[in-house]
Amino acid sequence: MVCCVADLQPMGLVCRYVAADTVREKSWYRIKGVIETETTDEGVIPLLRVESVEKIEKPQREYVYPY
């Protein structure tokens, strides 16, 4: 983010989770895991090996501001 919410760019992290089919779109979760790397055809990428998933309510502030 440079100036305001309108400047935000989507960002994601590949996650490995054995019960990924239980996670629903447009829902909020607290996810804990270990950041690892994986080698793909595109090179080495970071990924999160998920250890626990907890469904939570939507936070009042959806964005993390750098200041």
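In the predicted model, T40 counts as partly exposed, because its relative accessibility is 27%. T40 belongs to strand 2, which covers residues 28-40. A polar atom of the T40 side chain lies 3.1 Å from the backbone nitrogen of E42.

The chain contains three strands and zero helices. Read from the N terminus, the order of elements is β-β-β. The mean pLDDT of the chain is 88, and 90% of the residues reach 70 or more. Among the strands, confidence is lowest in strand 1, with a mean of 93, and highest in strand 3, with a mean of 96. Where pLDDT is low, predicted coordinates should not be read in detail.

Strand 2 is paired with strand 3, which spans residues 43-56, in the antiparallel sense, and 13 bridges join the two. Together strand 2 and strand 3 make a hairpin, with two residues between them. Two positions illustrate how residues face each other across this pairing. Y29 stands opposite K55 in strand 3, and E36 stands opposite L47, also in strand 3. Strand 3 has a second partner in strand 1: these two pair in the parallel sense over three bridges. In that pairing V14 is the residue opposite L47 of strand 3. L47 therefore has E36 opposite it and V14 opposite it, given that strand 3 pairs with strand 2 and with strand 1, pairing being assigned where at least two bridges are found. In a regular strand, side chains alternate between the two faces of the sheet.

Five salt bridges are counted in the model. Side chains of opposite charge can pair when their charged atoms come close. One of the five salt bridges joins E38 to R16, with the closest N and O atoms 2.6 Å apart. E38 is in strand 2 and R16 is in strand 1 (residues 14-16), so this pair ties together parts of the chain that are 22 residues apart in sequence. Both ends of the contact are partly exposed: E38 has a relative accessible area of 26%, and R16 has a relative accessibility of 40%.

A salt bridge is also formed by the side chains of R30 and E54, at 3.3 Å from N to O. Since R30 lies in strand 2 and E54 in strand 3, the pair ties together parts 24 residues apart in sequence. R30 is partly exposed, with a relative accessible area of 41%, and E54 is partly exposed with a value of 41%.

R49 and E51 form a further salt bridge, in which the closest N and O atoms are 3.5 Å apart. R49 is partly exposed, its relative accessible area being 35%. This contact belongs to a network of salt bridges that links E36, R49 and E51. Within the network, E36 is the residue noted above as standing opposite L47 of strand 3.

Strand 1 and strand 2 are joined by a loop that includes K26. K26 has a positive phi of about 60°, although it is not a glycine. At 85% relative accessibility K26 counts as exposed, because the value is over 50%.

Over the whole chain of 67 residues, 6% are buried. The exposed area of the chain is about 6200 Å², of which carbon and sulfur atoms supply 53%. Among contacts with a separation of 6 or more, residues 24 or more positions apart account for 50%.

How values were computed. Residues numbered from 1 in each chain as written. Predicted model: local features only at pLDDT ≥ 70, side-chain atom pairs only at ≥ 80, totals over all residues. Heavy atoms only, no water. Helix = DSSP H or I, 4+ residues; strand = E, 2+ residues; numbered from the N terminus. Buried < 20%, exposed > 50% of the residue type's maximum accessible area, 1.4 Å probe, protein only. Polar contact = N/O pair within 3.5 Å; in protein donor to acceptor, adjacent residues only side chain to side chain. Salt bridge = Lys/Arg side-chain N within 4 Å of Asp/Glu carboxyl O. Contact = heavy atoms within 4.5 Å. Areas by Shrake-Rupley, 256 points an atom, 1.4 Å probe, with all protein chains shown as cover. pLDDT = per-residue confidence, 0-100.
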